[in-house]
Amino acid sequence: MIDRPIRRKDRQLPQEEALDLLNQGVYGVLSVTGDEGWPYGVPMHYVFLEGNLYLHCAKEGHMLESIARDDRVCFTVVPRHELVPDHITALYESVMVFGTAALVEEADERQKILEALVDRLAQVSPEIKEQYIRSKGARTGLVRIRPARITAKASRAFLPVTKRM
């Protein structure tokens, strides 16, 4: 993988902060190489656990076919975005994870990931959580992304538009 530097180095965040942003977020876009080499992006919920990203999905479809052909992916999370229309700018934080994706097949890992996803995305009793996983778990596809590179950037302050002209 080419280590292409971020153009706006003044906005680059340290690795520790990038990981914190991944832990804060719950939603991002998975980009894969789709049919005939066309890009294909899928908005998805995720959980970041033990250094890997995990996504839940159907057990078949365009996304999984694409990953089977080429396991290289990019996952983008934008945990904060706020337009500042009076100054023709925005404040934001974003993280990009480049890595390889694969289906999670091992039963214990699947159980752990399903539990982590429900804990992250829902507020239900332990009984409902257990029933839900027992009911839906076998029909749920789980994808693990092993990061090769994680980059993050932010714009948390701005100059007034009149000072940037």
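In the predicted model, Leu55 is placed in strand E3. Its relative accessibility is 0%, and Leu55 therefore counts as buried, the cut-off for that class being under 20% relative accessible area. When residues up to four places away in sequence are left aside, Leu55 touches Leu30, Met44, His45, Tyr46, Phe75, Gly141, Leu142, Val143 and Ile145. A further spatial relation concerns Gly28: this residue and Leu55 are 27 residues apart in sequence, and their C-alpha atoms are 9.9 Å apart in space.

Several of the partners of Leu55 recur in the description of the nonpolar interior. The largest nonpolar core has 27 residues. Within this core, the residues with the most contacts are Leu22, Leu30, Met63, Phe75, Val143 and Ile145. Two or more residues are given to the core by each of helix H1 (15-24), strand E1 (27-33), strand E2 (39-49), strand E3 (52-57), helix H2 (62-69), strand E4 (72-84), strand E5 (89-103) and strand E6 (141-155). Strand E6 supplies the largest share, namely five residues. The surroundings of Met63 were also examined: with residues up to four places away in sequence not counted, Met63 touches Leu30, Tyr40, Val42, Met44, Cys57 and Val143. Apart from the largest core lies another core, of 10 residues, including Val104, Ile113, Leu114 and Ile133.

Leu114 and Ile133 also take part in the contact between helices H3 and H4. In general, two packed helices are described by the angle between their axes and the distance between the axes. The axes of H3 (residues 107-121) and H4 (residues 126-136) come within 10 Å and cross at roughly 130°. An angle that is over 115 but not over 145 degrees falls in the oblique class, and H3 and H4 are therefore oblique to each other. Their crossing is right-handed. On the side of H3, the contact is made by Gln111, Leu114, Glu115, Val118 and Asp119, which meet Lys129, Tyr132 and Ile133 in H4. Sorted by class, the residues of this contact are four nonpolar, one polar and three charged.

Strand E6 was considered further through Pro147, which lies in this strand. Pro147 has a relative accessible area of 27% and is therefore partly exposed, whereas Leu55 is buried. With residues up to four places away in sequence again excluded, Pro147 touches Gly51, Asn52, Val97, Phe98 and Gly99. Glu60 is 87 residues from Pro147 along the chain, and the C-alpha atoms of these two residues are separated by 23 Å.

Note on methods: Residues numbered from 1 in each chain as written. Predicted model: local features only at pLDDT ≥ 70, side-chain atom pairs only at ≥ 80, totals over all residues. Heavy atoms only, no water. Axes fitted to C-alpha atoms, helices over the stretch in contact; angles between N-to-C directions. Helix = DSSP H or I, 4+ residues; strand = E, 2+ residues; numbered from the N terminus. Parallel < 35°, antiparallel > 145°, perpendicular 65-115°, else oblique. Left-handed = near helix turned anticlockwise from the far one by under 90°. Contact = heavy atoms within 4.5 Å. Nonpolar A, V, L, I, M, F, W, Y, C, P; charged D, E, K, R; others polar. Core = buried A, V, L, I, M, F, W, Y, C linked by side-chain atoms within 4.5 Å. Buried < 20%, exposed > 50% of the residue type's maximum accessible area, 1.4 Å probe, protein only.
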